[in-house]
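Student: Hi! Could you walk me through this protein with me asking questions as we go?

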Amino acid sequence: MEYISTRGKVEPLGFIDAILMGLANDGGLLVPQTIPQLSAETLQKWHKLSYSELALEIFSLFIENEIPRAELEQLIDDSYSTFRDEAVTPVKRLNDGTYVLELFHGPTFAFKDIALQFLGNLYGYVSRKTNSIIHILGATSGDTGASAIEGVRGKEGIRICILHPHQKVSRVQELQMTTVDSENVLNLSVEGTFDDCQRIIKELFADVEFKHSYHLRAINSINIARILAQTVYYFYAYFQVTANDAGAKVNFSVPTGNFGDIFAGYLAQKMGLPIEKLILATNENNILERFVKEGVYQPGAFRGTHSPSMDIQVASNFERYLFYLYGEDAEAVTSLMAQFKAEGRIVIPADKLQAVQADFAAYGVQNEECLDTISSYYKEYGYLLDPHTACGVAAADRITADGEVTVALSTAHPAKFDESIRLRGIEQTYPQQIQALFDKPQFQTVVGGSNDEIKDQLVKFF
């Protein structure tokens, strides 16, 4: 298995070289050269596998023998042994048409743990095997940072710097990152939005000389290992739902801002998982909803919402989808991304829009609707949704047709967003691990939003 760039100017790479490169050196994103195709017989064999066993089978398709199977199995076991639920990602039925896939049972109570516990261990493995330096640089809208830090804190040969938008993440998210007192961790609180943080990251990785000089590695979902790890829970959830209803038409509703989580579902579908609909749920920062409905990809005015991890205008994984929408034509993708950089928008023709609408349904959830969904599901089912999950559930309620069931991805524990939940008079008890954060000192540096300021901090840290 080799990996290629969406812009076509990078020679095919093996898996380890691909995860070390992160952002492709030509500015594109790495994708598998071929997508493994799964037969109905293979899917049937996988039905009763545990989460870790399923992860081993799926990763093996994309890694082949580059990591010996026994060593890969150990990496996977080490990654998911830290989860509080034996199922890793349990599926809970709320009503006849709606399930939630709980992705928040990892160390930082967010879905990012599923990929980043594995990626952290993988980077440690590569550092030991190759005696190489790993300097991780990432940006977060809230959850990636804590998960990434947790995955590598204290590990020899690895240093990590995370950028987050100053005072634009929840209090718990901020504390999970900034209360870590470790020599190999640097938190930079950037004056600006997450889009500013993400732009800085992509521009620094695009500076190939700087990237190589300081051994920079990516932890964001521009790294293909993140996407591959997230495909696993689509298979796992599908098998759980259809174990009780073999003929179920199964949709997935995915709260997303950066397009990574739903792209993982798209990849699972292209591998052969019979997903009925992929429902793209956004909040009021609804650039992706507008793209699905109108064929125009154009950032609007930034809106602060009750689901801050989705307060994103420019989706870093969108280019991967364009690559497949345009028939894996790297020249077409390069032209579209150049157009976006120059004009700030992409407009696709009618035939492409028809293809997009065959791939995705989309719904943008307004702020009050998000809170209404939290209230109604808590009152009717005694189940507390975090505001991001509430966006996924609200979209599912709108789009699920008769005779279908929808699995809404529950991306974070509600305790991480108590500010939003208290607006509806709902009180919750914090898990002990989160409650303990409020008594700890914080370690962070507030910086401006220029590349040079970030570079200066990185040079001193690395």
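Tutor: Sure, let's chat about a surface patch, a helix and a loop residue, keeping in mind that this is a predicted model.

Student: Cool, which residues gather in a patch of negative charge on the surface?

Tutor: That patch brings together Glu53, Glu73, Asp77 and Asp78.

Student: And which helix gives the most to it?

Tutor: Helix α4, spanning residues 69-80, gives the most, with 3 residues. Asp77 is found in that helix, α4.

Student: Is Asp77 buried or exposed?

Tutor: Asp77 is partly exposed, because its relative accessible area is 33%, and partly exposed means between the 20% and 50% cut-offs.

Student: New topic! How many residues of helix α13 are buried?

Tutor: In α13, residues 318-325, 8 of 8 are buried, so the helix is mostly covered. Among them are Phe318, Glu319, Arg320 and Tyr321. Leu322, Phe323, Tyr324 and Leu325 are buried too.

Student: What follows α13?

Tutor: Gly327 follows α13, and the phi of Gly327 is positive, near 65 degrees.

Student: Okay, now Leu49. Where is it found?

Tutor: Leu49 is found in the loop between α2 (40-46) and α3 (51-63). Leu49 counts as partly exposed because its relative accessibility is 23%.

Student: What is Leu49 in contact with, leaving aside its neighbours within four places in sequence?

Tutor: Leu49 is in contact with Leu54, Glu57 and Tyr236. Leu49 and Tyr236 are 187 residues apart along the chain, yet their C-alpha atoms are separated by 8.4 Å.

Student: Thanks, that helps!

Note on methods:
Residues numbered from 1 in each chain as written. Predicted model: local features only at pLDDT ≥ 70, side-chain atom pairs only at ≥ 80, totals over all residues. Heavy atoms only, no water. Patch = residues over 30% accessible without salt bridge, like charges linked within 9 Å, V, L, I, M, F, W, Y side chains within 5 Å. Areas by Shrake-Rupley, 256 points an atom, 1.4 Å probe, with all protein chains shown as cover. Salt bridge = Lys/Arg side-chain N within 4 Å of Asp/Glu carboxyl O. Lys, Arg positive; Asp, Glu negative; His and termini not counted. Charge placed at Lys NZ, Arg CZ, Asp CG, Glu CD. Helix = DSSP H or I, 4+ residues; strand = E, 2+ residues; numbered from the N terminus. Buried < 20%, exposed > 50% of the residue type's maximum accessible area, 1.4 Å probe, protein only. Contact = heavy atoms within 4.5 Å.
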